[in-house]
Amino acid sequence: MVLDFIKERRTIRKYKRGVFPPREALEEILSVTRLIYAQYPIPFKLYIVSGRTRLDLVPFMRQHYSIFMDLVIIGKLISEEMRPMYEKIMVEFMKDLGGAPITLIGLTKLYDWKEENWPDWAVRNWKVSWMMSQAIMLVAKKNGLDTGSFTFSGATVEDKILEFLGERDLNIAFVLNLGYADENPLPKKIEWKVAEI
């Protein structure tokens with residue numbers, strides 16, 4: 001069953017506007033983060049940003065979001081004939097960050113991004129935070145919801161979001177949109193090899 005949710009999950013960039021997830025689904029999402037936190041306690045906060053606050057956050061993020069780097073990364077991952085479609089999707093996404101009713105922002109204590117060797121505590125915080133984000137995506141899918149993560153290519157947007165939230169001591173571990181998809185992305189073709197040792 002979990003494998004089905006993993007197979008069916010897609011990164012969504014366009015959401016149905018004005019359709020808010022049911023409270024029970026949000027409670028289940030929060031319960032899975034609490035469960036992970038109970039087993040792996042780390043400095044952690046989860047912001048659920050919606051309504052007027054999300055509307056205020058959108059232009060704030062849009063001003064600093066590194067869409068150019070996203071397009072460069074996408075350009076390396078997809079075929080040449082698909083690039084114009086993805087560029088159009090990203091430009092549309094930037095208008096209101098996909099129109100999702102909720103944006104989830106997970107914060108933890110991390111280390112300087114420019115440093116190559118992170119101390120053990122920072123690596124642990126990063127791993128546990130991403131365990132939470134993956135669990136959120138799976139629980140969302142189980143409840144018929146969709147998610148899409150943000151990838152920031154620079155420290156500027158992180159600093160600005162933390163400023164918006166009034167946070168001084170934590171760093172962004174993940175940012176996820178949450179809602180009902182208003183698109184049906186095709187599954188990506190994945191090629192991988194298993195090496196025998």
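Helices here are DSSP runs of H or I with at least four residues, counted off from the N terminus, and strands are runs of E with at least two. Everything shown below comes from a predicted model.

**View 1. The whole chain, before we zoom in.**
The protein has 7 helices and 4 strands, and reading along the sequence gives you α-α-β-α-α-α-β-α-β-α-β. Of its 197 residues, 39% are buried. Take the contacts with a separation of 6 or more, and 85% of them join residues 24 or more positions apart. On the outside, the protein exposes about 12300 Å², with carbon and sulfur atoms supplying 55% of that area.

**View 2. Trp-126 and Trp-130 on helix 6.**
Why are these two tryptophans about one helical turn apart? They sit 4 residues apart in helix 6 (residues 120-142), so about one turn separates Trp-126 from Trp-130. For the rings, a pair needs centres within 6.5 Å, and by this rule the count comes to 4 aromatic pairs. Trp-126 and Trp-130 make one such pair, with 6.0 Å from centre to centre and 50° between the planes. Under 30 degrees would be stacked and over 60 edge-to-face, so this pair goes down as tilted. Neither ring's residue reaches the buried class, because that requires under 20% relative accessible area: Trp-126 is partly exposed at 29%, and Trp-130 is partly exposed at 27%. Pull back a bit and ring pairs tie Phe-44, Trp-118, Trp-126, Trp-130 and Phe-174 into a cluster.

**View 3. Phe-174 and the largest nonpolar core.**
This core holds 21 residues, and the ones with the most contacts inside it are Ile-29, Phe-174 and Leu-178. At least two of its residues come from each of helix 2 (23-39), strand 2, helix 6 and strand 4. Which element gives the most to this core? That would be helix 6, with 7 residues. Another core, of 18 residues, lies apart from this one and has Val-49, Leu-57, Val-157 and Ile-161 among its members. Back at Phe-174, skip the neighbours within four places in sequence, and its contacts include Phe-44, Leu-46, Leu-104, Ile-105 and Gly-106. Its list also takes in Ser-129, Trp-130, Met-132, Ser-133 and Ile-136.

**View 4. Tyr-37 on helix 2.**
Is Tyr-37 buried or partly exposed? With a relative accessible area of 38%, Tyr-37 is partly exposed. Leaving out neighbours within four places in sequence, Tyr-37 is in contact with Ile-42, Phe-44 and Met-132. Ser-129 is worth labelling here as well: it is 92 residues from Tyr-37 along the chain, yet their C-alpha atoms are separated by 9.0 Å.

**View 5. Strand 2 and its two partners.**
Strand 2 (residues 102-108) is largely enclosed by the rest of the structure, because 7 of its 7 residues are buried. Ile-102, Leu-104, Gly-106 and Thr-108 point one way, Thr-103, Ile-105 and Leu-107 point the other way, and all are buried. Strand 1 (residues 44-50) pairs with strand 2 in the antiparallel sense over 7 bridges; Leu-46 stands opposite Gly-106 there. The pairing of strand 2 with strand 4 is antiparallel too, over 7 bridges, and Thr-108 has Asn-171 as its bridge partner in strand 4.

**View 6. Thr-103, a polar side chain inside strand 2.**
At a relative accessible area of 2%, Thr-103 is buried. What do you find around its side chain? The side chain of Arg-54 makes a polar contact with that of Thr-103 at 2.8 Å, and the side chain of Asn-177 makes another at 2.9 Å. Setting aside residues up to four places away in sequence, Thr-103 touches Tyr-47, Ile-48, Val-49, Arg-54, Phe-150, Val-175, Leu-176 and Asn-177.

**View 7. Strand 3 alongside strand 4.**
Strand 3 (residues 146-149) runs antiparallel to strand 4 (residues 171-179), and 4 bridges join them. Look for Thr-147, whose bridge partner in strand 4 is Leu-178. Leu-178 is a residue we met in View 3, as one of those with the most contacts inside the largest nonpolar core. From strand 3, Asp-146 and Gly-148 point one way while Thr-147 and Ser-149 point the other, and all are buried.

Technical notes
Residues are numbered from 1 along each chain as its sequence is written. This is a predicted model: local features need pLDDT of at least 70, side-chain atom pairs count only at pLDDT 80 or more; totals for chains, interfaces and linings use all residues. Side-chain values use heavy atoms; hydrogens and water are left out. Buried means under 20% relative accessible area, exposed over 50%, partly exposed in between (1.4 Å probe, protein chains only). A polar contact is a pair of N or O atoms within 3.5 Å; within protein, one must be able to donate a hydrogen and the other to accept it, and residues adjacent in sequence count only if both atoms are side-chain atoms. Contact means heavy atoms within 4.5 Å. Two strands pair if DSSP finds at least two bridges between them. A nonpolar core is a set of buried Ala, Val, Leu, Ile, Met, Phe, Trp, Tyr and Cys residues joined through side-chain atoms within 4.5 Å. Accessible areas come from the Shrake-Rupley method with a 1.4 Å probe; for residues, only the protein chains shown count as cover.
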